[in-house]
Amino acid sequence: MKLCRSWLAAPAALLSLLPACAAPSLHGFDPQLERELEPGITGEWYDDDGGKWRVEEGRGKTYDVFVTVPEKKEGEAAGEKRMPRLSVAMVRFGERRLIDVALAEEEIEEVADRYGTLLLPAHQFYRLDQAGDLLRIFLLDHEWVETWPGVIELEQPDRFPLLTSPPKQLRHLLEAAARDDEAWEDPIELRRQRDG
């Protein structure tokens, strides 16, 4: 188990898009890659911490992901906290599906209205495996990414690696990552809740 596993267990941290163990990117998938939609991914999924993940088809062959997490304030009954909406694109490299996760445009606009350019929108890349009612999401390992200095441009190495390479260069990295199990952190797991 890698050091980032505890981070992956928390849906709220997944949505921050800039955790210490991630490799955020200024750019998403190469626009020339064919986006895919998989109907079996839409619907409601639940994580081990009580978070609910609702996946809907979005615009332009993307998914909209709405996450709510349990929230308990001292002296009050438990409630739910809505996390920022995510926009997710999916592509296939061979037999593997990779996803590009970013904040939805409306969420970015809302944050930009408050903070201007102080916050930089980013993308993160994951591998997505589905087996029936189980969805496994693997985060791209920043230490693996750092072994690609000739292909990937990295900034801020003391804080976290920020990928600044253009999409065509990122495509080479993602194609290699899709073939290499060592490129991915331990997954978070989401399950469908069935009645009965």
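Here is a short conversation about strands, spaces and ring contacts in a predicted model.

Student: How many bridges join S7 to strand S8?

Tutor: Happy to start there! S7 covers residues 124–131 and S8 covers residues 134–139. The two strands run antiparallel, and Asp129 stands opposite Arg136 in S8. The number of bridges joining S7 to S8 is six.

Student: Which residue takes a positive phi in the hairpin of S7 and S8?

Tutor: Look at the turn of that hairpin, where two residues lie between the strands. The phi in question is near 60 degrees, and the residue that takes it is Gly132.

Student: On the other pairing of S7, what is the bridge partner of Leu98?

Tutor: Strand S6 spans residues 96–103, and five bridges join S6 to S7 in an antiparallel arrangement. Leu98 falls within that S6 range, and its partner in S7 is Arg127.

Student: Over which ring does the charged end of Arg127 sit?

Tutor: Good residue to follow up! Arg127 is the partner of Leu98, and its charged end lies 3.8 Å from the centre of an aromatic ring. Arg54 makes a contact of this kind with Phe66, at 4.4 Å from the ring centre. For Arg127, the ring is that of Phe138.

Student: How do the residues lining the largest cavity divide into nonpolar, polar and charged?

Tutor: A search of the whole structure finds one cavity of 30 Å³ or more, and about 200 Å³ of space lies in the largest cavity. Nearest its centre are Val55, Val65, Val88, Ile99 and Ile137, while S2, S3, S5, S6, S7 and S8 each supply at least two lining residues. The lining divides into 15 nonpolar, no polar and no charged.

Student: And how many charged residues line the second largest pocket?

Tutor: About 350 Å³ of space lies in the second largest pocket. Its lining has 18 residues, with Thr62, Ser87, Leu103, Ala104 and Glu105 closest to the centre. S5, S6 and helix H3 each supply at least two of the lining residues. Eight are nonpolar and four are polar, and the number of charged ones is six.

Student: Is the pair of Trp144 and Trp148 stacked, edge-to-face or tilted?

Tutor: This is a nice geometry check, in a structure that holds two aromatic pairs. The ring centres of Trp144 and Trp148 are 5.6 Å apart. Their planes meet at 45 degrees, whereas stacked needs under 30 and edge-to-face over 60. The pair is therefore tilted.

Student: Is Trp144 buried or exposed?

Tutor: Its partner Trp148 has a relative accessible area of 24%, which makes Trp148 partly exposed. For Trp144 the value is 10%, and the cut-off for burial is under 20%. Trp144 is therefore buried.

Notes:
Residues numbered from 1 in each chain as written. Predicted model: local features only at pLDDT ≥ 70, side-chain atom pairs only at ≥ 80, totals over all residues. Heavy atoms only, no water. Pairing = 2+ DSSP bridges. Helix = DSSP H or I, 4+ residues; strand = E, 2+ residues; numbered from the N terminus. 1 Å grid on protein atoms, 1.4 Å probe; cavity = no way out; pocket = protein on both sides within 12 Å on 5 of 7 lines; lining within 4 Å. Points joined across faces, edges and corners; volume = space filled by probe spheres on them. Nonpolar A, V, L, I, M, F, W, Y, C, P; charged D, E, K, R; others polar. Phe/Tyr/Trp six-rings, centres within 6.5 Å; stacked < 30°, edge-to-face > 60°. Buried < 20%, exposed > 50% of the residue type's maximum accessible area, 1.4 Å probe, protein only. Lys NZ or Arg CZ within 6 Å of the ring centre and 35° of its normal.
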